[in-house]
Amino acid sequence: MERGGVVTSSPAAHSARGLEGFEEEEEEREQLVWDRIPMQRNSESAMSIEWAESEAGADTDNDNDDGAQPSSRQPPQLQRARSAECTSSAAASAAGMAVKRQRLAHAASEGEVDDDFAERQRPAPPPPVPIPAVPMAPVPITQQQAEAEDERSTCPVCMERWTAGGATRVVSLRCGHLFCKRCIARWMRRAAQTRRRARCPECAQTIGKGEVRPIYARSISAVDGEQLQRAQDESRRLAERAAELEVQLRMLETRYAAMCANSSRLGAELAETAERAAWLEAENTALAAQLAEKSGAGSCNADGNDNDGNADDAGSSSDYRPVVRLRATHRSPAAEGAMRRLALHPHTHTAYATYTHRAQGLHTLAQIDIHETRAAPLVLPSLHTAEIRAAEPSPHAAAPHYMLTASTDRSALVVSLDGAPTIAARLPLTAPAWSCAWDPVVPTLCYVGAARGLVTAFDLRNPARPLHMWDGPRHGSAAVDFSPVGSIAAVPCGSGSTRLVVANAAHAYALPPPDADAASWLQLTPSPDAADHTRRACFALSYDAALGCVAASFRSAASLVHELYAVGFDAATLALAPATWRLRQRLTVASRQTMWARPALFSYVDAQRVRRGLFCAGVEASRSLRAWDAGVVGPAAPRVLLDLPHDAGPAGGPVLDARGFQWSSGSSDPTVLATLTQSAIRIYDVR
């Protein structure tokens, strides 16, 4: 195909026509280039021609000797000649070249030169036009690396780089040596002109025209086989060494794990020993304090009687002083979340706290294992759509482990805690819920206190329909108090039935039995005197069956009042009455109460197998938890046994709730006292 006066052909045409067609095309292209672009050879080109003739002569002498190897050295002038051709000026005049062609033609007519010499006198094709490259950061390489790279990617004859197409396209011979297409074509053409068998310039093996195979590759680079083998051997050696080191690492890891286990065991033993030492130190301090009190109280009155002549025996409450040790502090699951109410499950050694995260719309429970002192609280899936006001675990061991929650979203939930927490029943309400309680006798009965003075009883066998409803205290047929029921205490009356004591914003009331006809609520706490203009509100109730005592807490503008009552029932009606509701203690705390906090009344068996009672309540002014002896009976104010501060660190704050429990009646089990602030739960051991 002729394009712009230059004869060109495609690679497919080359493959079809073979080497002969390529030679003819190469001659035509060279002739046209010589006519259009005159070039000027320098002295170095002449030297390369003389070297080529000498090499051809040497090859002719060795043509009949198959074992002879041609000289494989490269002419030192060849590379310089090619470089001179690439850098020679293209401004040679056409007239000079015409004169040169006339001289050559005249010499040929006179027989002075042969065709082969005339062909060798033709100038080489011009160098390719360089394409401007994108500027890149230079990569520093050594001169030795550059020379090695040139040797691996250039033709051994013309020292030009191989290309993927054109005259310098890389081809392979039958022996495997590589050359550019132009050089091997000239080599074979020269051998044909001299009527010699063409041989490989490298190994002198005979080659034919059909044994020249093009290499379809973008780039070719020779690699040193010995160096590659050495690299492979080194890689294999390093892999074996890495395997040995891996085995050693596994052995060291095993030894480290064993040492860690041993260290953990020793640490546990050390912690247990330190705990024993702390308990002994605390008990020693308590005994020293009791001894000091006894020695100070041993003086005689003016009438000769001892001051403690009416005191109890060695096991009495006057000698009682508990020993308390902080076991763990559990922070809120999130800094933006808040906790409000606390519950201790009586069968699973687990504490639960109501948890609200308003930004996430989360209203649920946070679960804490009593024995895991460093574990973070586990947040259960969201249960309600509004704040949870109360949470009470079921006290029945035979029944499934249930948790009753009451929320201001006008619903109460029964959550099964066996396995993954699931909602077992949903109890519908007509008003926002404020409190809840389980029946201590019937496992399927529960009670929910709500706004507008409503108390509703539910049977879990039919949770969609309320069993009974009390609609607030009445005067005749008209309701007189619509304040929310903030606390419920279910008191067993000893005949298989239960009586409810509830607290609203004014008093503590005893509810009539569900089968009573239009019976009104019975007010249990007295109203303040007419001369006392201070209004007080009953905000919490606590009940302990072992002590047979109910604690009612009141708040006013300047103080807190906690009253402990002994619970009794009418022998005929088994109903609570003011005559059977006897005041045992009155505790007054000079502190305001702006937050809806809940005190705790509980009992336990100490190391001397004596049942003790504690009444614990938060003091907002000092941000502490104060505990009194609940076993003292009489008008005298009982002693303050504990005063635990809660104002230190980020976990500090007013105490919002407190719960206490002993999981068995054995004296070997420590009693747990748990306190709750908005941001933390503290677990104490009491002995």
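Let me start with the pocket: the largest one in this protein has a volume of about 1,200 Å³, and I should say straight away that we are looking at a predicted model. The idea behind such a search is that rolling a probe the size of a water molecule over the atoms shows where empty space is left.

What lines this pocket? There are 49 lining residues, and those that lie nearest the centre of the largest pocket are Glu392, Pro395, Tyr543, Arg659 and Phe661. If we sort the residues of the lining by character, we find 31 that are nonpolar, 10 that are polar and 8 that are charged. Several strands take part, and each of the following supplies at least two residues of the lining: E7 (338-344), E11 (388-393), E15 (433-438), E21 (487-492), E25 (537-544), E29 (600-605) and E33 (657-661). The largest share comes from E25, with 6 residues of the lining of the largest pocket.

Let me now step back to the protein as a whole, which has 687 residues, 40% of them buried. Its secondary structure comes to 8 helices and 35 strands. Among the contacts with a separation of 6 or more, 52% are made by residues that are 24 or more positions apart.

From the pocket strands I would like to follow E15 into its neighbour, strand E16, which covers residues 445-450. E15 and E16 run antiparallel and are joined by 5 bridges, and in this pairing alanine 437 stands opposite tyrosine 447 of E16. The two strands form a hairpin, with 6 residues between them. As general background, the strands of a sheet pair through backbone hydrogen bonds, either parallel or antiparallel.

On the other hand, E16 also pairs with strand E17, residues 455-459, again in the antiparallel sense and over 5 bridges. Here valine 448 stands opposite threonine 456 in E17. E16 and E17 form a hairpin too, with 4 residues between them, and in that turn arginine 452 has a positive phi of about 65°.

Which residues cover the two faces of E16, and are they buried or exposed? On one side we have Leu445, Tyr447 and Gly449, on the other Cys446, Val448 and Ala450, and all of these are buried. That agrees with the count for the strand, in which 6 of 6 residues are buried.

For a contrast, please look at arginine 358, which lies in the loop between strand E8 (350-357) and strand E9 (362-369). Why does arginine 358 count as exposed? The reason is that its relative accessibility is 62%, and exposed means over 50%. Arginine 358 is 21 residues away from glycine 337 in sequence, yet their C-alpha atoms are 7.3 Å apart in space.

Finally, let us turn to a separate open sheet of 3 strands, whose order is E4-E3-E5 and whose pairing is antiparallel. The edge strands are E4 (178-180) and E5 (213-214), each of which pairs on one side only. Strand E3, residues 170-172, pairs with E4 over 3 bridges in the antiparallel sense, and the bridge partner of valine 170 in E4 is cysteine 180. Across E3 and E4 lies helix H7, residues 181-193, which runs at about 90° to E4.

Terms used. Residues are numbered from 1 along each chain as its sequence is written. This is a predicted model: local features need pLDDT of at least 70, side-chain atom pairs count only at pLDDT 80 or more; totals for chains, interfaces and linings use all residues. Side-chain values use heavy atoms; hydrogens and water are left out. Two strands pair if DSSP finds at least two bridges between them. Contact means heavy atoms within 4.5 Å. Axes are lines fitted to C-alpha atoms, for helices over the stretch in contact, and angles run from 0 to 180 degrees between N-to-C directions. On a 1 Å grid over the protein atoms alone, a cavity is a set of points where a 1.4 Å probe fits but cannot get out, and a pocket is an open set with protein on both sides within 12 Å along at least five of seven lines; lining residues have an atom within 4 Å of a point. Grid points are joined across faces, edges and corners, and a volume is the space filled by probe spheres set on the points. Ala, Val, Leu, Ile, Met, Phe, Trp, Tyr, Cys and Pro count as nonpolar, Asp, Glu, Lys and Arg as charged, and the others, Gly among them, as polar. Buried means under 20% relative accessible area, exposed over 50%, partly exposed in between (1.4 Å probe, protein chains only).
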